[in-house]
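The following exercises concern a structure whose sequence and coordinates are shown below. Please work through each task before reading its solution.

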Amino acid sequence: MAELKMDTPKATRPFALSWQARVGMLLVFVYAIYAATQLGFSWSRFQSGFELGARFVSRLFPPSLERMDILWQGIAESLEIAVLASTLGILLSLPISLLGARNLMPAWATWPSRALVALCRALHPVIVAIIFVKAVGFGALAGVLALTVASIGFIGKLFTEAIEEISLKQVEAVRATGASFANVIIFAVMPQVFARFVGFATYQLDSNLRNSTMVGIVGAGGIGGTLFSAFQRFDYDFVCTILLTIIAIILLGELLARMVRAILLDNVTFRELLRLKPDTRLRAPEGDDA
Amino acid sequence: MNTDVSSYPRDWRRYTASQRLLRFALYFLFILAIVQSVRTIDVIPEFLYDAPEQMLDLLNRMWPIHWASFRGDISSALIETLHIATLGTLLAIVLAVPVGLLAANNLTRNRGLNLLARFILVSSRSINSLVWALLFIAIFGPGAVAGTMAIAFRSIGFVGKLLGEAIEEAQPGPVEALTATGASLSSIIQYGYWPQIRPAFWSIVLLRWDINVRESAVLGLVGAGGIGMALNSAMDLFQWDRVALVLVLIFAVVILAEIIITRSRRSLL
């Protein structure tokens with residue numbers, strides 16, 4: 001019998017990582033160790049951290065209910081900042097994004113508005129708040145202005161992109177009837193992008209609500225200042241109360257945003273509104289700080 | 001077909017009465033909120049009137065930018081910021097992947113575990129990174145360690161949520177095929193899900209790193225290390241020319257991060 005010899009394939013794993021991937025992972029690992037030593041991570045620090053953390057957590061509870069008037073003042077101011085900043089931001093970003101859309105406007109109009117939006121996006125809201133605190137003094141106004149800038153940056157960018165994606169057929173049709181420029185915008189452009197605009201605007205309302213609780217740390221009004229000073233005075237039980245309130249407000253804000261979208265976009269009736277299902281259709285737009 | 005036209009209403013309306021009522025209620029609520037906020041918000045008009053003057057004064061003090069102070073403190077603080085952002089992102093990936101896997105209801109078929117994971121993600125996202133930094137400063141003391149942990153914990157929610165959604169959107173076909181061969185859970189994840197979610201994973205990580213670079217620049221304002229500390233001390237000393245330098249540096253780093261992101265997105269995806 002002829003010798004039956006089969007080449008047994010070498011035992012290689014078919015989906016093994018390529019050497020580039022291995023080197024990459026090794027580099028990432030080495031970098032992590034290097035950065036950790038540079039930043040002062042050490043085991044002893046973690047051990048003492050666990051102890052301190054346990055003590056810290058035990059001091060958070062029970063939440064203190066003593067200074068509810070201060071809490072309420074701060075929360076009310078935060079809400080006012082969020083409402084006004086969202087209103088201003090939405091109103092201002094509408095014309096800015098219309099000006100920035102390359103398919104509707106000539107280049108001399110798109111460049112300045114795009115640059116403005118990019119500038120608004122580049123700096124963190126807290127840093128913008130610092131500048132406004134210097135310009136208009138401590139207080140809620142600085143917070144409103146800082147978050148307005150952030151809103152213009154966010155809605156402006158996404159809404160410009162949304163307008164650039166519209167179908168130009170309707171625009172041509174409306175133009176062919178001899179409509180004025182304003183009519184083209186109102187009847188050909190806005191119906192196509194209104195749903196997304198409502199999505200961005202409600203999302204920004206939500207995000208302003210989160211940020212309005214923070215700009216107070218640099219003195220721009222709202223609950224953030226109260227939170228920061230409670231931290232500095234080691235009033236951890238009051239800190240806990242503030243944090244729980246903030247989380248509750250943010251959850252309420254998400255619910256409100258969902259209801260706004262349901263009413264304006266899905267045309268729900270009152271009965272449908274009461275048994276609202278979780279909103280999976282409109283996700284947070286990409287590129288934001290969800 | 002016999003349709004009785006007369007039974008239709010004479011004038012057509014877009015919304016039913018109840019829908020219209022809801023819309024009006026919503027608009028009313030908005031107006032009410034805006035009016036109430038305008039009336040009660042605490043604005044000192046005198047401060048508003050001299051805002052342009054103050055702004056000019058600020059710009060005057062910022063100019064010329066104090067480039068000389070870049071060497072030493074500020075440059076090392078800048079490097080520290082980048083370390084905080086990058087290490088925080090890496091730590092966040094390690095912590096967020098298990099939570100993201102638990103949050104995806106097609107991979108983890110246990111309702112309780114899904115809800116637990118969702119709760120972790122929501123609480124991570126509800127607390128701002130500055131507040132996370134304050135919490136970790138109370139635990140680890142002021143410095144970059146608290147900043148890194150804050151960045152990591154704030155990012156868990158973001159990375160985990162988007163990763164969970166990416167897993168839920170994965171095609172069930174390859175996963176079912178693997179399950180039919182009797183593959184283990186780790187093989188299913190590695191060969192069934194991972195190839196499908198890989199582009200989403202990289203884009204989530206890059207996006208979060210970009211956000212973290214911005215955020216780590218302000219963490220120092222509460223004492224959590226990085227260039228924010230330099231910013232804070234320069235502001236406390238009214239050295240506005242140094243503040244200007246820090247702002248320009250932050251701006252440059254943010255732009256640089258965006259360029260890196262666009263480049264690596266092109267090569268990774």
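The exercises below treat confidence, overall content, helix packing, local backbone features and the contact between chains.

**Exercise 1. Confidence of the model**

Task: State which helix of chain B has the lowest confidence and which has the highest.

Solution: The model is predicted, and the confidence scores are therefore the place to begin, since predicted coordinates should not be read in detail where pLDDT is low. For the complex, the predictor reports an ipTM of 0.76 and a pTM of 0.79. The average pLDDT of chain B is 85, and 96% of its residues score at least 70. Within chain B, helix H2 (residues 45-49) has the lowest confidence, with a mean of 75. The highest belongs to H7(B), at 91.

**Exercise 2. Content of chain A**

Task: Determine how many helices and how many strands chain A has, and what share of its residues is buried.

Solution: Chain A has eleven helices and zero strands. Read from the N terminus, its elements accordingly run α-α-α-α-α-α-α-α-α-α-α. Of its 290 residues, 39% count as buried. A further step concerns contacts in chain A between residues at least 6 apart in sequence: 69% of these join residues at least 24 apart.

**Exercise 3. Two packings of one helix**

Task: Classify the orientation of H6(B) relative to H7(B) and to H9(B).

Solution: Two packed helices are described by the angle between their axes and the distance between the axes.

Step 1. Helix H6 (residues 129-140) and helix H7 (residues 144-168) of chain B have axes that come within 8 Å and cross at roughly 135°. An angle between 115 and 145 degrees is neither roughly perpendicular nor roughly antiparallel, so H6(B) and H7(B) are oblique to each other. Their crossing is right-handed.

Step 2. On the H6(B) side, the contact is made by Ser129(B), Trp132(B), Ala133(B), Phe136(B), Ile137(B) and Phe140(B). H7(B) contributes residues including Val145(B), Met149(B), Phe153(B) and Arg154(B). By class, this contact has eleven nonpolar, two polar and one charged residues.

Step 3. For H6(B) and helix H9 (residues 185-219) of chain B, the angle is about 50° and the axes are 10 Å apart. This angle makes H6(B) oblique to H9(B). The crossing of H6(B) and H9(B) is right-handed.

Step 4. Ser129(B), Leu130(B) and Ala133(B) of H6(B) meet Glu215(B), Val218(B) and Leu219(B) of H9(B). The classes represented are four nonpolar, one polar and one charged.

**Exercise 4. Cis peptide bonds**

Task: Which residues does a cis peptide bond join in chain B, and which bond is cis in chain A?

Solution: In chain B, the cis bond joins Trp63(B) and Pro64(B), with omega about -5°. Pro64(B) is placed in the loop between helix H3 (51-62) and helix H4 (73-103) of chain B. In chain A, the bond from Phe61(A) to Pro62(A) is cis, with omega near -5°. Pro62(A) occupies the loop between helix H2 (43-60) and helix H3 (68-100) of chain A.

**Exercise 5. Positive phi and burial**

Task: Decide whether Phe234(A), Phe238(B) and Ala230(A) are buried or exposed.

Solution:

Step 1. Phe234(A) is not a glycine, yet its phi is positive, about 60°. Phe234(A) lies in the loop between H9 and helix H10 (236-266) of chain A. It counts as exposed because it has 12 C-beta neighbours inside 10 Å, and the cut-off for exposure is 12 or fewer.

Step 2. Phe238(B) likewise has a positive phi, near 55°. Its loop joins helix H10 (227-236) and helix H11 (240-268) of chain B. Phe238(B) is exposed, with 9 other C-beta atoms within 10 Å.

Step 3. Ala230(A) belongs to helix H9 (residues 223-232) of chain A. This residue counts as buried because it has 24 C-beta neighbours inside 10 Å. Beyond its neighbours within four places in sequence, Ala230(A) contacts Asp235(A), Phe238(A), Val239(A) and Ile242(A).

**Exercise 6. Contact between the chains**

Task: Which helix of chain B gives the most residues to the side that touches chain A?

Solution: The contact involves 58 residues of chain B and 51 residues of chain A. Helix H1 (residues 17-40) of chain B gives the most to the side of chain B that touches chain A, namely ten residues. By class, that side of chain B has 39 nonpolar, twelve polar and seven charged residues.

How values were computed. Residues are numbered from 1 along each chain as its sequence is written. Chains are lettered from A and ligands numbered from 1 in the order in which they are written. This is a predicted model: local features need pLDDT of at least 70, side-chain atom pairs count only at pLDDT 80 or more; totals for chains, interfaces and linings use all residues. Two residues are in contact if their C-beta atoms, placed from the backbone, lie within 7 Å. Helices (H or I, at least four residues) and strands (E, at least two) are DSSP runs, numbered from the N terminus. Ala, Val, Leu, Ile, Met, Phe, Trp, Tyr, Cys and Pro count as nonpolar, Asp, Glu, Lys and Arg as charged, and the others, Gly among them, as polar. A residue is buried if 20 or more other C-beta atoms lie within 10 Å of its own, exposed if 12 or fewer, and partly exposed in between; C-beta atoms are placed from the backbone. Axes are lines fitted to C-alpha atoms, for helices over the stretch in contact, and angles run from 0 to 180 degrees between N-to-C directions. Angles under 35 degrees count as roughly parallel, over 145 as roughly antiparallel, 65 to 115 as roughly perpendicular and the rest as oblique. A crossing is left-handed if the near helix is turned anticlockwise from the far one by less than a right angle, and right-handed if clockwise. pLDDT is the predictor's confidence in each residue, from 0 to 100.
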